[in-house]
Structures are given as C-alpha cells and as structure tokens.
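Here are a few notes to go with the model as you scroll through it. Have the helices switched on while you read.

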Amino acid sequence: MSVNLEKLGSQLSRNLKQYTMLIALVAVVLFFNTQSSGRLLSPMNVSNLIFQNAYVIILAIGMLLCILTGGNIDLSVGSVVGVIGAVAGRLIITEKMDVHLVMAICVAAGIAIGMWQGFWIAYVRIPPFIVTLAGMLVFRGLTLIILGGQTIAPFPDAFKQYTTGFLPDIIGRTHIYIPELWGIRLNIDMTVNGLSLVAGGLVSAAYVAVQLYSYLNRRRKGYATAGNLRGLIVRLVAVSAVLVTLFITMGTYVNERMPAGVPTVLVLLGILLLLYSFFTTNTVMGRHLYAIGGNQKAARLSGIKTNAMMFFAYVNMAVLASVAGLVMAARLNSAAADTGDGFELDAIAACFIGGASAYGGIGTVGGTLIGALLMGVLNNGMSLLGIPTSVQKVVKGLVLLTAVAFDVISKKQTALPPFRLPFKRKAKPEVMAL
Amino acid sequence: MANTLLEMRGITKTFPGVLALSNVNMAVEEGEIHALCGENGAGKSTLMNVLSGIYPHGAYEGDVLYDGKPCEFRSMKDSERHGIVIIHQELALVPYLTIAENMFLGNERQRRGRIDWNITYEKAREYMAVVGLNEDPRTLVKDIGMGKQQLLEIAKALAKNVRLLILDEPTSSLNESDSQRLLDLLLQFKREKGITSILISHKLNELAYVADKITVLRDGMAIETLTKGVDEITEERIIRGMVGREIVDRYPKRESFLTGEVALEVANWTVYHPLYTERKLVDNVHLTLRRGEVVGIAGLIGAGRTELAMSIFGKAYGAKISGILKKDGRQLWLNSIPDAIQNGLAYITEDRKGDGLILTNSVKHNVTLAHPKAISRHGILDKDREVHSVEAYRQKLGIKCPTVEQLVGNLSGGNQQKVLVGKWMFAEPEIMMLDEPTRGVDVGAKYEIYQIINQLVAQGKSILLISSEMPELLGMCDRIYVMCEGRMVAELPRKEATQEIIMNHIMQASKGEIGA
C-alpha cells in the first residue's frame with residue numbers, strides 16, 4: 001500500500017516537473033485572459049498571436065539544434081532575417097522578379113550563409129559564438145548595403161499571401177447551433193469558417209489516431225514503455241480539446257476586408273514542428289545531435305561525424321532563418337534596415353525557457369514551442385494591458401532567468417537515483433557521489 | 001602508544017532513498033598509514049567527504065573527533081585549517097597555470113592581496129624537492145605527466161601544513177614505478193614528519209605494502225579493521241572482507257580458442273604527436289593478433305599503448321601515421337573512425353566518463369550509439385527494436401539498472417564500464433581493443449568483465465588488452481607484448497611471462513634511452 005503511494009507520488013512529481021512549463025504557459029494565458037477581460041483569447045487576438053510569433057517559433061527550432069550540439073548559439077539569425085528580407089525586397093519590389101523564383105533564391109541564399117558560417121565553425125573550429133557574432137555584423141551591414149539605407153515597400157499580394165493570409169474557405173461558412181448536450185445547457189450559436197472546423201476535427205482526429213496506434217502497437221508487442229492507458233486518455237482528450245477550440249476560435253474570427261480562418265503560416269509551422277519533432281526523436285541524425293552535445297569526444301570515438309553534424313546544424317539554422325526572413329518581410333510588408341534586430345535573443349530565450357540545456361544534449365521541439373509561446377503570450381498580454389515596453393523587457397528577462405534557474409534546481413534533485421522517496425527531501429540539494 | 005588523531009563515531013549518511021554509510025566507526029592513530037578499501041559504492045569516498053567537510057556538519061549523523069575534540073566542519077576550507085587535506089582521484093589542477101601557481105592555489109603567498117612571486121617560487125622549489133618533483137616551477141601543469149601531477153598534489157598538500165593526508169586512489173592512473181615512488185613518499189612522510197595518511201585504493205598489493213591498518217568497508221558498513229603484524233594481511237584476506245566471499249580465482253579460466261588464423265596484423269606502424277609533430281609516440285611497431293586470442297600490451301604510462309590503439313582505430317589520434325594494417329590478410333586503409341567501425345574494429349577507451357559514455361543519455365542510447373544501423377532503416381530509428389535489443393544486452397552483461405531508460409550518469413563505475421563494453425559489443429566488431437577495461441572498477445565487476453572477454457574470444461573475436469595491472473595481463477592473456485617509449489621491446493607467451501620478466505624488459509629498454 002505504502003509502496004503504491006510512493007510510486008504514485010514520485011510519478012506525480014515527475015509529471016509535474018515534465019509539464020512545469022506547460023502549466024506555467026496555461027497559467028500565464030489564463031491570467032492575461034482574465035486581466036484583459038477575454039481579449040487575449042478573442043478570435044482576432046489568437047490569429048494575431050500566431051502571426052506575431054511565427055518567426056520566433058521558426059527560428060527557435062533551428063536554434064534548438066545548434067544548442068543541442070553543445071550549448072552553441074547562433075547570434076547571426078536576426079541579421080540573416082534582415083538580409084533575406086532585403087534581398088526579397090530588392091528583387092521583388094525593385095527588380096519585379098517572379099515571387100516564387102525570389103523565394104527560392106532566398107532559401108538558396110540561406111543555405112549559402114549557413115555553409116559559410118558552418119565552414120568556419122565545424123571545419124576551422126572557431127567557436128560558434130565568434131563566428132556568428134561576426135555574421136551578425138556582416139549580414140546587418142549587407143542589409144544596409146542592399147537597401148541603400150532606404151525602406152522598400154510594399155510587397156505584392158502574390159508574395160504576402162503565403163505567410164500573412166488565410167487558407168481559402170473551400171467548405172464555406174457553417175452555422176453551429178447546440179443549445180444543449182446531454183442535458184447540459186451550452187448555448188452554442190455561432191458561424192464558423194468551414195475549413196477551420198473541418199481542419200480542427202481532422203488534426204485532432206489524426207493526433208488521437210497516431211497516439212492510439214502507437215500505444216496499441218507497443219502493448220501488443222509487450223513493451224513496458226507503453227505507459228498507462230488512463231494517462232494517455234487524459235492527454236488525448238486534453239490535447240484534442242485544445243486543438244478543436246483553437247481552430248474554432250480562429251474560425252470565428254470575422255475580418256471585414258479579408259476572409260479569415262486558418263492562417264497559412266500555421267500550416268508552415270505545423271509542418272516544421274512535426275518534421276523537426278520527428279527528426280530529433282526518431283532519426284539517427286537527430287540522435288547524433290544529442291550525443292554530440294552530451295559528450296563530443298565520446299560521440300567522435302563512436303564513429304559520429306561530429307564536424308559534419310555541426311556543419312549541418314548551422315546550415316539548417318540559416319535556412320530556417322531565411323524562411324523566417326520571408327515570413328517577416330511579408331508580415332511587415334516592407335524590407336527595412338532594422339528588420340530582425342534582436343530576434344536571435346528571442347529564439348535563444350524560447351529554447352532555454354523550453355528546457356534546453358545550456359551545455360547541450362538536452363532539449364525538445366515541444367519544449368521549445370512552449371517556450372516560444374510563453375514569451376509570445378507575455379509580450380502580447382502585456383501589450384494588451386498597456387504595460388510599457390520598458391517594463392515588458394524587465395519582466396521577460398526575469399521570466400527567462402526564473403525558468404532556467406528552476407530547471408537547474410529541479411535537475412539537481414532529479415539527478416538522484418530514481419528510487420528515492422519523494423517525501424523525504426532535504427533542504428539542500430546534494431549530488432550523490434557515485 | 002601513539003594517540004588517536006581521528007575518530008569517527010557512528011557516522012550515518014543517507015542520500016534520499018539510499019543509505020550510503022551506516023553507523024561507521026573508524027579510528028586513525030597519529031603517524032599511521034590507514035588504508036580504506038571496499039568495492040565501488042561501498043562508501044569510501046562518502047566517508048572521506050564527511051571527514052573533509054565536503055558534506056557539511058549536519059548533513060550526516062554521528063561525530064567526528066579530531067585531536068580528541070569534536071569537529072563540525074562546514075566546508076573543505078574548515079578542515080584544511082585543521083591540517084586535513086584530501087587529494088581526489090580526479091586531480092584538482094589547472095592545466096594552464098604553472099606548477100607554482102597550482103601549488104598555492106587558494107593558499108597564495110601574498111601580502112595584502114598582492115602575490116609575492118619570489119617567495120612563491122622559492123617555497124615551490126622547496127616543496128618540490130621534498131616530493132622529488134624535478135621540474136621548473138614555471139612549467140605549465142599541462143606539460144607534465146600524470147605521475148608528476150600527483151606529486152604536485154602532494155606538494156600542494158604539504159604547503160597547507162598537512163597533518164592528515166587523504167588520498168583517493170592516488171595510483172589508479174600511475175604506472176608501477178610512479179606508484180612505487182608515491183607509496184615510498186608516504187612512508188617517508190610518516191617516518192620523518194609524522195604525517196598521518198588515509199589511503200583509498202583498489203590495488204590490494206599496495207595496501208599490503210604501506211598500510212599499518214586496513215579498514216574494509218562493504219555496503220556502507222565498516223566490516224573490519226586489520227592491523228599489520230596482528231592480523232594476516234594478504235590480498236585474499238582483504239578481498240574476502242570486501243566481497244564477503246572467497247574469490248577462489250580472480251581470473252576466470254578459459255579454454256584456448258586459438259585457430260592460428262591471423263585476424264589483425266600491424267607492421268612498421270609509426271605515429272607522431274598531433275601537436276609536436278616531430279615527437280614520435282609509436283615507433284615502427286609490429287603486432288599480430290590471432291582469431292580467438294587475447295593479446296596484452298604491457299608498459300608504463302606514456303609508453304604509447306593508447307596512442308597505438310587509437311591510431312589503429314581509424315587514425316583517431318596522432319599525426320603522420322604510417323605503416324601497414326592488415327585484417328584477415330587484406331590490407332586496410334582506415335582514415336576515419338566510421339571506416340574503422342565499418343571494418344570490424346572497436347576501441348574501448350580508458351576514460352569511460354571523458355571519452356566513452358554520454359552521461360546525460362540513457363543506457364539504451366549509449367549502447368546503440370556506435371551501431372545505429374542495427375536499430376534503424378534509412379536513418380529512421382525503430383525504438384521498439386532498440387529497447388528490445390538493449391534489454392538483451394543488459395541481461396547478458398548483468399548491468400544493474402532499473403530500466404534501459406536509466407541515465408548512465410546515475411550508474412556506478414562498474415556498471416558504466418559494462419555499458420561501455422556493451423556498446424562496443426553491440427557494434428559487433430571482430431577485433432576489440434580494450435584500454436584499461438577494469439580501471440576504477442571493483443573486484444566483483446572486474447571478474448564479470450573478464451568473463452565477458454572470455455565469452456568474446458569464445459565467439460572467435462580477438463582482443464587487444466591494454467592494462468597497467470600486470471596480474472591482469474598475466475591472468476587473462478595468451479600472449480603479452482611489452483611496450484616502452486613507443487617501441488615494442490618484447491613479445492612473451494603466457495607461460496614465459498612473469499611480472500619480473502616484464503618489468504625487466506621495460507627497465508632494460510628505458511635504461512638505454514636515459515643513458516643516451
């Protein structure tokens with residue numbers, strides 16, 4: 001009996017730790033939503049949140065891979081965002097070149113930038129901090145040169161549609177009327193973007209199906225890692241409820257001038273998140289990234305091409321930075337000299353808030369997403385409440401510090417053997433000599 | 001009768017959920033060398049950490065009496081003020097500072113915050129002379145060998161006016177002659193200065209040589225204290241106390257699996273230092289390894305054994321590597337570590353924490369790291385298969401961990417070593433080069449590792465065993481090469497080899513060099 005209690009207790013504390021940042025995110029969302037009397041989660045603001053934070057999420061995914069290789073960061077991403085925006089502006093607005101061709105050129109430029117920095121980092125072995133600090137200056141300078149000190153605007157719709165628009169509502173507006181369900185009064189009576197409704201249903205159904213399939217598959221093969229069914233059901237219900245609510249909220253956003261609904265950039269984000277989640281957890285290359293960050297010498301002696309992996313991480317970062325550059329240029333509808341200034345810090349903060357280790361080898365895409373959203377909601381929420389930007393910066397800085405401090409302290413406690421009793425905790429964390 | 005310098009009474013130390021020390025009593029008399037031994041995890045280091053204030057007063061139960069007075073050390077500085085100095089297994093030296101700077105680190109010869117360099121160097125020379133360290137005090141620590149670094153640590157302790165010196169496995173990374181020198185130094189201190197020492201060691205022959213008393217710890221309890229002259233102090237006796245059973249034979253028997261087929265042949269192998277490219281580390285070495293054979297390489301530290309093995313392993317170390325490498329009669333050109341792994345070679349490092357394992361990763365991730373192909377298709381992992389196959393290795397090797405998801409950093413030294421061996425078995429090599437596979441591993445785990453070696457050769461694999469413990473080489477190998485200063489100076493079949501003969505070869509070979 002007592003054993004069961006202990007087991008339950010330790011499971012609970014482990015879960016709490018695992019989901020701390022998620023809980024913090026939910027708390028922050030609820031707080032600002034109440035304080036702003038519901039404006040934070042209003043349909044329009046939810047779409048805004050997505051548009052505003054798309055670039056952070058894209059950059060943070062790339063940054064995560066760099067951080068995984070050993071706490072290495074890329075300081076140049078803000079400048080890369082700027083220079084890509086400048087190239088896009090010059091070629092599309094001034095030179096009137098084909099939008100798709102320019103987008104391809106921009107991504108190619110990202111690859112070139114990544115190869116340039118990756119070469120110095122991985123093969124000449126100059127610390128990434130130095131190389132990307134140099135890159136930060138060089139690419140900001142190039143941005144100024146390309147733009148000649150001017151701001152170029154506006155971009156044609158053909159360019160903007162990809163990242164600032166909404167998916168066309170191929171299903172049509174749907175009226176939902178549910179006065180009550182199973183005897184509970186709901187009073188749902190609204191008009192929703194049809195595609196949004198269907199997409200919400202499909203996405204959550206796909207999520208449930210994939211999770212259930214993998215659970216059943218594991219159980220059939222008799223693996224202990226399957227976990228318990230009750231926890232899974234709770235998670236499935238919670239996640240699909242959030243997904244459906246998110247899509248419906250977006251669907252009820254009625255914009256007079258533009259058809260609203262599912263933002264196109266959300267599709268891009270979804271694809272990137274799924275792709276990199278899979279990459280980091282289910283591929284050999286992803287595994288190698290974690291190994292290098294955990295112990296570079298051991299990784300090398302295990303036959304991992306450490307240089308090639310470092311090179312890859314920085315090329316990947318620059319490519320994602322160029323994608324973010326395109327997204328940003330479209331959102332701002334202009335190419336300006338200071339576009340992207342300070343973005344590298346947002347991305348780095350998102351990773352660390354999301355639980356990545358400053359020494360490398362630890363961190364997840366999911367955590368990074370949570371970190372980015374937490375920062376995004378803080379930004380947005382404080383702006384809604386009319387808090388001045390000066391104070392916002394102080395708050396964000398403290399949140400970053402608190403999140404990482406919390407992580408470090410809780411790691412010290414989890415570094416103990418797993419069969420410890422969760423109720424007997426000494427005031428001072430100790431690391432056991434092994 | 002000498003007075004009791006230190007008494008520890010009823011020391012109990014728990015980590016959450018683990019009882020590390022249970023009511024340990026221990027008394028050390030002034031001017032004696034008191035040895036502490038026990039298997040990994042027996043509580044030796046924990047006990048010394050209690051004594052030296054690393055675990056502050058209040059973090060443990062029981063009393064520490066020093067000089068008859070109860071002590072409540074709050075930090076290492078506290079205990080150092082009383083003349084208790086601990087030298088850890090991993091040396092606490094800063095590589096890019098000089099010998100003199102290291103010697104007085106945290107204990108600078110200063111006047112109002114300004115370092116007096118004249119006194120610093122003069123005193124450094126004085127202490128260096130006492131420990132027999134022949135170097136310029138301005139030499140950077142990174143440029144002196146492990147043996148000299150250990151001497152420097154002792155000089156550093158002397159500079160702190162040490163009365164009770166605690167050494168945690170000081171000889172684990174030293175060769176035999178450096179070890180001998182260190183032990184003699186302890187005996188000399190005891191004779192001339194009356195310095196008391198507590199020595200933690202796995203090397204039982206050393207304990208028998210220097211110790212006046214030996215306290216044996218097992219599972220956090222002090223099992224017994226043996227006194228020289230009163231009790232019989234033999235290796236078998238101490239081992240019995242440590243493991244609680246008689247190990248009849250420390251090296252498991254194995255039949256001969258030799259087929260005579262040569263698996264690996266190395267000829268005219270020469271390797272230079274990666275930074276000082278005019279320095280030869282391996283000099284024109286010839287070596288053969290047959291299928292099903294365990295071949296040992298004996299030699300002192302710095303003889304070039306690790307460099308030889310690593311350079312064979314896809315040029316993982318060294319510069320200007322030349323020579324011929326043949327496997328199964330076919331010549332190979334291995335230019336990278338992946339090449340070497342592909343061709344069935346494995347090198348198991350001597351530094352499992354530094355170069356071998358990823359401590360922040362799970363057992364499972366570590367085991368599959370060198371051979372992801374076995375658990376993936378087109379670069380995509382099959383995690384279920386991974387759990388399954390690693391689980392099989394866990395059982396086969398007897399790795400003690402709750403699940404294969406356990407982080408390697410939380411395992412004991414012996415289990416970590418088994419994970420490391422398992423990782424390279426998973427890569428299914430035909431030739432395994434094991435570099436000090438039993439360093440810092442307790443007696444029980446050693447035996448298990450020897451059994452694994454025997455199983456491997458039974459499967460037709462070939463083992464190159466680098467070891468600084470000669471009994472291990474004599475107990476395990478079919479043939480032993482002796483290496484000295486980069487050259488192979490002897491090749492001995494097991495029957496002809498003894499410790500004396502091997503040492504003799506080394507001495508003969510190095511004599512010529514020193515004289516020249």
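1. Keep in mind that this is a predicted model. A good place to start is the crossing of helix 4 of chain A and helix 6 of chain A, which is left-handed. Helix 4 covers residues 77-94 and helix 6 covers residues 128-147, and they pack at about 20 degrees with axes 8 Å apart. Angles under 35 degrees count as roughly parallel, and therefore helix 4 of chain A and helix 6 of chain A get that label.

2. Who makes that contact? On the helix 4 side of chain A, look for residues including Gly78(A), Gly82(A), Ala86(A) and Arg90(A); from helix 6 of chain A come, among them, Gly135(A), Phe139(A), Arg140(A) and Ile146(A). By class, this contact has 9 nonpolar, 5 polar and 2 charged residues.

3. Now try helix 5 of chain A (residues 99-123). Its 25 residues should span 36 Å at 1.5 Å a residue, and the end C-alpha atoms sit 35 Å apart, which agrees. Its buried residues include Val102(A), Cys106(A), Ile113(A), Gln117(A) and Ile121(A), and the buried set packs against helix 4, helix 6 and helix 13 (306-332) of chain A. Just past the end of helix 5 of chain A, Arg125(A) has a positive phi of about 65 degrees.

4. Last stop: helix 3 (residues 43-68) and helix 15 (residues 365-384) of chain A, whose axes come within 9 Å and cross at roughly 145 degrees. This crossing is right-handed. Leu49(A), Val56(A) and Leu64(A) are among the helix 3 residues of chain A in the contact, with Leu369(A), Gly376(A) and Asn380(A) among those from helix 15 of chain A. The contact divides into 12 nonpolar, 6 polar and no charged residues.

Conventions
Residues numbered from 1 in each chain as written. Chains lettered and ligands numbered in written order. Predicted model: local features only at pLDDT ≥ 70, side-chain atom pairs only at ≥ 80, totals over all residues. Axes fitted to C-alpha atoms, helices over the stretch in contact; angles between N-to-C directions. Helix = DSSP H or I, 4+ residues; strand = E, 2+ residues; numbered from the N terminus. Parallel < 35°, antiparallel > 145°, perpendicular 65-115°, else oblique. Left-handed = near helix turned anticlockwise from the far one by under 90°. Contact = placed C-beta atoms within 7 Å. Nonpolar A, V, L, I, M, F, W, Y, C, P; charged D, E, K, R; others polar. Expected span 1.5 Å × (residues − 1). Buried ≥ 20, exposed ≤ 12 C-beta atoms within 10 Å, placed from the backbone.
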